[in-house]
Amino acid sequence: MTATLSADAMKRAAAQAALDHVAHGMRLGLGTGSTAAHFVDLLGARVRDGLEVVGVPTSERTRLQAEGLGIKLSTLDETPELDLTIDGADEFDASLRLIKGGGGALLREKIVAAASMRMFVIADATKEVGTLGAFPLPVEIDRFGARSTRLHIERVVRGLGLIGTITQRLSAPDTPYVTDGGHFILDCAFGAIDAPEALSERLYAIPGVVDHGLFIGLATAIFIAGAGGVRIIGDVTGGPA
Ligand SMILES: O=C[C@H](O)[C@H](O)[C@H](O)COP(=O)(O)O
């Protein structure tokens, strides 16, 4: 009989494989989401057994979880350079490009990842895609002028030949979702994003766009858990290319 792993078991397996690379004294970025939560949980057990690390959480959710597990925490102001960030992703491709932000934490996640020598992504195999874009791209925007910013985004993406729907994320009917940083999120379902670098640059150029969920040149290795075990793409030892 073939054992089938649940998505949750695969997420935990990826988290465990990444945890094997965590060493005493490391300064860690702690990601957000259900996969990252497995990592934080497993890290908490290692800390209880005597591992000493300091973590910088990428969201209030992760901060609460890590605090509850007794993981020593810091901020980027106190600890501005990190050894390793471990985080999940909504999608990734073979070039280690990611879409993140399904859980709304993309801005802090990107700042923390950029402050890290290495970023390990942990994911189950369903997140692997040939071309990014099946998952709607989260774009974080300032609340001021949100409707104008949205129209500006629509014009820009149309100019890039991307057609799709842009939906403001809600936390309840008629209640906009607000990020930890106090911003709105637009979920942009464009379909296949053939040129993520160009889209990234164009979005960054729009006033009112705080950040977006394309993570390019940040992930150094991806731990992909599938039925056959955990496969790693990228380089677990090196920094960003
Ligand atoms: O904002 C949330 C993050 O980018 C998550 O890492 C991402 O949404 C993946 O989450 P999950 O591990 O729950 O699929």
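This briefing describes the ligand shell, one helix and the two domains of the structure above. The structure is a predicted model, in which local features need pLDDT of at least 70, side-chain atom pairs count only at pLDDT 80 or more, and totals for chains, interfaces and linings use all residues. Residues are numbered from 1 along each chain as its sequence is written.

**Around the ligand**

- The ligand is surrounded by 18 residues, where a residue is near a molecule if its C-beta atom, placed from the backbone, lies within 6 Å of it; the closest are Gly33, Thr35, Gly88, Gly102 and Gly103.
- At least two residues of this shell come from each of α2 (34-48) and α4 (106-114), and α2 gives the largest share, three residues; helices here are DSSP runs (H or I, at least four residues), numbered from the N terminus.
- By residue type, the shell holds four nonpolar, 10 polar and four charged residues, with Asp, Glu, Lys and Arg counted as charged and Gly among the polar ones.

**Helix α4**

- Seven of the nine residues of α4 are buried, among them Leu106, Arg108 and Val112; buried means that 20 or more other C-beta atoms lie within 10 Å of the residue's own, with C-beta atoms placed from the backbone.

**The two domains**

- The protein chain is divided into domain 1 (7-128 + 216-233) and domain 2 (137-209), with bounds from an automatic or database domain assignment.
- Contact, meaning C-beta atoms placed from the backbone and lying within 7 Å, links 12 residues of domain 1 with 11 residues of domain 2.
- On the side of domain 1 that touches domain 2, α4 supplies the largest share, three residues.

Terms used
Buried ≥ 20, exposed ≤ 12 C-beta atoms within 10 Å, placed from the backbone. Contact = placed C-beta atoms within 7 Å.
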